[in-house]
Amino acid sequence: MIVITAPTGNIGRHLVPRLLESAPAAGEELRVVARDPARLPDAVRDRVEVVTGSHGDPAVVDRAFAGADAVFWLTPPDASRTPDDAYAGFTRPAARALAAHGVGHVVGVSALGRGTPLADRAGLVTATFAMDDLIASTGTAYRALANPSFFENLLEEADSIREKGVFTDSVAADRRAPLVAVEDIAAVAAGLLLDRSWSGTGSVPVLGPQDLSPDDLARVMTEQLGRPVRYERLPLDELYASLVGYGLDPAFARGVVDMKAAKDQGLDAGVARTPETASPTGFADWCARTLRPAVLDRA
């Protein structure tokens with residue numbers, strides 16, 4: 001029995017179909033935890049067991065983890081809470097349920113930067129590491145998917161790219177760093193969930209095929225969209241003010257800002273790209289398949 005949390009999220013919507021393709025032949029059953037089962041595609045809902053509710057709810061995870069052999073764990077960022085409460089606090093009921101039910105393996109969505117000088121002052125990333133430590137403390141075999149920023153974050157900029165030809169971030173324009181497509185994270189997660197020959201705790205970096213700077217992204221988007229796209233760097237104090245203005249908890253907003261500052265100082269640069277840590281989806285291909293329709297089909 002494999003349990004998938006956040007099955008309709010960015011990663012989950014790629015992970016569940018992958019597991020549905022392979023799990024039955026491997027003798028695995030699938031169970032998902034969903035706040036709103038109606039958001040699951042019919043083809044998925046008819047083939048999985050559904051536990052309705054939040055996976056931050058003690059009663060829900062107790063039901064979901066009963067009889068489970070493996071769990072895919074993703075903590076949805078809750079900007080109404082402090083970073084520690086949003087990550088470790090949200091995960092605490094699940095940690096108790098993992099231990100109570102003796103769940104053998106967990107694969108969690110985490111971040112790059114553990115073991116670097118920036119790890120303890122990286123805002124949301126630091127909070128994510130505390131979540132990882134909490135899960136590992138249950139005695140389950142744990143693999144933290146150590147991810148950089150996602151290509152999919154640019155979808156939040158689709159309107160600005162369409163209307164102004166601009167996207168923003170807070171890192172230097174020439175700061176190269178790994179970036180990854182969520183479908184590649186889902187592929188690595190599926191492999192770990194289906195082949196549970198691993199033990200102990202550890203990180204599995206998923207780095208994409210190359211490092212890219214904001215200027216590199218602007219160049220590729222210009223080529224793929226057939227219109228000029230440029231990068232504008234947003235000062236950290238302006239980012240903080242805008243996040244608080246949108247209603248984020250001030251501590252969570254500070255966590256975002258501290259994470260951005262750490263990334264600008266090289267937080268994601270501590271792991272070498274090898275055939276084992278690279279993932280296949282390139283940014284140009286992702287733009288053509290995902291960003292281009294989001295920008296141009298709504299023009």
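At what angle do helix α8 and helix α11 pack, and how far apart are their axes? I will come to that pair in a moment, but please keep in mind throughout that what we have on the screen is a predicted model.

To answer, helix α8, which covers residues 214–225, packs with helix α11, residues 283–296, at an angle of about 65 degrees, and their axes are 9 Å apart. The crossing of α8 and α11 is right-handed. If you look at the residues that meet there, α8 brings L217, V220, M221, Q224 and L225, while α11 brings F283, A284, C287, A288, L291, R292, V295 and L296. Sorted by character, the residues of this contact of α8 with α11 divide into eleven nonpolar, one polar and one charged.

Now let us turn to the strands. As a reminder, strands of a sheet pair through backbone hydrogen bonds, either parallel or antiparallel. In this model, seven strands make up an open sheet with parallel pairing, and reading across it the order is β3-β2-β1-β4-β5-β6-β10. The strands at the edges are β3, residues 49–52, and β10, residues 201–205, and each has a single partner strand, so one side of each is left without a neighbour in the sheet. From one strand to the next, the twist averages 20 degrees. Helix α1, residues 12–22, lies across β1, β2 and β4, and runs at about 160 degrees to β1.

Let us stay for a moment with β10, whose parallel pairing with β6, residues 141–147, is made through five bridges. Here A144 stands opposite S203 in β10, and both of these residues appear again when we look at the second largest pocket. That pocket holds about 210 Å³ of space, and of the 21 residues that line it, the closest to its centre are R114, D132, A144, G202 and S203. The elements that give two or more residues to this lining are β5, α5, β6 and β10. The lining as a whole divides into ten nonpolar, seven polar and four charged residues.

Finally, there is an open sheet of three strands, in the order β7-β9-β11, and its pairing is mixed. Its edges are β7, residues 149–150, and β11, residues 211–212, each with a single partner strand, so one side of each has no neighbour in the sheet. Within it, strand β9, residues 177–180, pairs with β11 in the antiparallel sense over two bridges, and there you can find A177 standing opposite L212 in β11.

Technical notes
Residues numbered from 1 in each chain as written. Predicted model: local features only at pLDDT ≥ 70, side-chain atom pairs only at ≥ 80, totals over all residues. Heavy atoms only, no water. Pairing = 2+ DSSP bridges. Helix = DSSP H or I, 4+ residues; strand = E, 2+ residues; numbered from the N terminus. Axes fitted to C-alpha atoms, helices over the stretch in contact; angles between N-to-C directions. Contact = heavy atoms within 4.5 Å. 1 Å grid on protein atoms, 1.4 Å probe; cavity = no way out; pocket = protein on both sides within 12 Å on 5 of 7 lines; lining within 4 Å. Points joined across faces, edges and corners; volume = space filled by probe spheres on them. Nonpolar A, V, L, I, M, F, W, Y, C, P; charged D, E, K, R; others polar. Left-handed = near helix turned anticlockwise from the far one by under 90°.
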